[in-house]
Amino acid sequence: VSTLQPTLTIEGEADDVLEYYMNHGWTDGLPVVSPTVELVERMLAAADRDPEETLPPLPPSRTAPTVHAVAVNAVMAGCRPEYFPVVLAAVEAVADPVLDLYGLQATTSPVAVLLMVNGPIAARLQINSMGNCLGPGFRANATIGRAVQLVALNVGGGTPQTMDKATHGQPGKFTLCFAENEQDSPWEPWHVEHGFALDADTVTAISVTGTQNVLDGCSKTARELLQTFASSCAHVGAQNAQLGGWPLIIFSPEHAQIIARDGYTKTDVKQALYEQSRVPVHQYPADMLRYKVFHNRPRKMWSDDPGVGLPFADTAEDVNIVVAGGAGPHSVFCPSFGLPSSPVIRAISAARQ
Amino acid sequence: MPTYVVFQPTMSSAGGAEPLASRKGVDAIGSPHIGLLCNSKANADVFLAEIEQALLRRFPAATFSRHTKLTASKALGPVGETELRNCDMIVNAFGDCGSCSSWSVHDGIALERAGIPTATVITEPFAYKSRFEAESLGFGDLPLVVLPHTWDKTPLGQLPDDAVRSISAAVYPEVEFIVTASAEDVAAAYRKNVDVRTDSLTAAR
């Protein structure tokens, strides 16, 4: 029995196909490219995978997407075929239970899955790592992230309002994909930090509840700049302040260079932020301490002393640091979903030659 | 008129309906050992404390194990499962948000699979989702106690203690039914069902 996706025959104009897909809840609300047999075959041809091969199951439906189903959704998202190996690796990353897609697809939190690409493939596919890398204008960024979201919707079953219970959601749930700006970073790239060779291609999935601007165009030293970050990352409403987990900071190249010039390695930055980015116990409401903080944060952090500060991550190692963006004095703090969701990194298989 | 041949982007989920744990029936229950699984959400402890008192009135010789999850948005896990392993019945409360209700469903299924009748308590906005999740996890008959999410526009987790206690008292008969009626009766009552069932709760709202 074939496990390829069934075809539909729709009589009408191109917009009738679109209406059909919209009416069936198969899109994210934006128009999609019609997944014709020819376009899907071209997508499949770009990866060295059996179309009927299944990837790990996606919650909440627990359905295991076939390579073919991923290709259909990648066409719909507007991907070029050469993006397909990245999309497949990204789907495998989001399926890893440690990311907790079961929780992410269901939660009232606005959390989105951020995808970051490392390695030479980023430049080859023109995945933007520089100015406006989290914004519009770049097909690879826009469509790779969107393809994974469509797979999570159409195969994983994360239908907004009925299954995806986000109170508001966030724009990052349409797409949120960029490449690390390795060439302008003073530090080793993310994937090297995580044990991959510099020339390896990887994609990483991280849960993020938002993107918060960190502006500092004045500080001249690492110590002063990190003071700005310490304040920006520690506030009661951030999920990490209540739930621990793996917060992400996307340093702009300018901020990263100033900090590194003063001799700070990535490890030093993580340690400094762990020590300085803290929410004093007295800032938490009493019932939040009782029900959330003292249940979710490590026991060693529990304290009745109102002056004691709780760090924005449970350990210095849990602070995630990457570099991306163009010129300018802005970095981005991305609080994560918290303790239940840890980042997942996957190698991208070589495209079919 | 042109014709387009296009692929459908969705796949159907497998679903399933494994049987619920067998129930002893209320007359055969002498001195049950009862598990109170608190998922750590605000007011879940208050809700369960009142349920405990009601169970104690119904089963005066009952003994209790209490376990509070480290975080509501993860599985109970082996430590909690070990602590609750010897229970004759469990009350699992409460899933009042998206991810925590999902994990409450997950835990409820794990406990039923381990042979322990379990009443899993969630709130109304998450009922349809929870039923779908239970079906996708192969356990479509999972009994879900569905509470209204708000009273006078205040969510369950942010109500004063006495209001939570009155909700708990009102829903107790449904909890007792789930953990003591026959598996067949419980399955029949909850299969495909995502409604608030306790009339007094609906009225109180």
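**Close-up 1. B:Phe94 lies in strand β4 of chain B, which runs over residues 89-95.** This is a predicted model, and the view here centres on the backbone. The peptide bond that leads from B:Ala93 into B:Phe94 is cis, with omega near -25°. For background, peptide bonds are mostly trans.

**Close-up 2. A cis bond joins A:Pro59 to A:Pro60.** Omega for this peptide bond is near 5°. As for where to look, A:Pro60 belongs to the loop of chain A between α2 (37-45) and α3 (67-77).

**Close-up 3. Two loop residues of chain A, A:Asp100 and A:Asn132, put phi on the positive side.** Some context first: most residues other than glycine have a negative phi. A:Asp100 has phi near 65°, and A:Asn132 has phi near 60°; neither residue is a glycine. You'll find A:Asp100 in the loop between α4 (84-95) and α5 (101-104), while A:Asn132 sits in the loop between α6 (121-124) and α7 (139-154). Buried or exposed, where does A:Asp100 fall? Its relative accessibility is 2%, so A:Asp100 counts as buried. A:Asn132 has 49% relative accessibility and therefore counts as partly exposed, since the exposed class starts over 50%.

**Close-up 4. A:Tyr20, A:Tyr21 and A:Trp26 form a cluster linked by ring pairs.** Across all chains, the count of aromatic pairs is nine. One of them is A:Tyr21 with A:Trp26: the ring centres are 5.1 Å apart and the planes meet at 85°, so this pair is edge-to-face. Both partners are tucked away from solvent by the numbers: A:Tyr21 is buried at 0% relative accessibility, and A:Trp26 is buried at 7%.

**Close-up 5. Arginines sit over aromatic rings in chain A and in chain B.** In chain A, the pair to look for is A:Arg278 over the face of A:Tyr274, at 5.0 Å from the ring centre. In chain B, B:Arg58 places its charged end over the ring of B:Phe59, 5.3 Å from the centre.

**Close-up 6. A:Val117 is a buried residue of chain A, with 0% relative accessible area.** This valine is part of strand β2, residues 112-118. Which residues does A:Val117 contact, once neighbours within four places in sequence are left aside? Among them are A:Val86, A:Ala122, A:Ile127 and A:Ile348. The list also includes A:Cys177, A:Phe178, A:Ala179 and A:Glu180, along with A:Thr202 and A:Val203. For a sense of scale, A:Pro81 is 36 residues from A:Val117 in sequence, and their C-alpha atoms are 17 Å apart in space.

**Close-up 7. A:Cys177, one of the contacts of A:Val117, has no sulfur partner in bonding range.** How many disulfides turn up over all chains? A search of the whole structure gives zero. Why does A:Cys177 go without one? The closest cysteine sulfur, in A:Cys79, is 9.1 Å from that of A:Cys177, which is too far for a bond because the cut-off is 2.5 Å. B:Cys87 is in no disulfide either, as the nearest cysteine sulfur, in B:Cys38, is 14 Å away. Both cysteines are shielded in accessibility terms: A:Cys177 counts as buried at 4%, and B:Cys87 counts as buried at 6%.

Terms used. Residues numbered from 1 in each chain as written. Chains lettered and ligands numbered in written order. Predicted model: local features only at pLDDT ≥ 70, side-chain atom pairs only at ≥ 80, totals over all residues. Heavy atoms only, no water. Helix = DSSP H or I, 4+ residues; strand = E, 2+ residues; numbered from the N terminus. Buried < 20%, exposed > 50% of the residue type's maximum accessible area, 1.4 Å probe, protein only. Phe/Tyr/Trp six-rings, centres within 6.5 Å; stacked < 30°, edge-to-face > 60°. Lys NZ or Arg CZ within 6 Å of the ring centre and 35° of its normal. Contact = heavy atoms within 4.5 Å.
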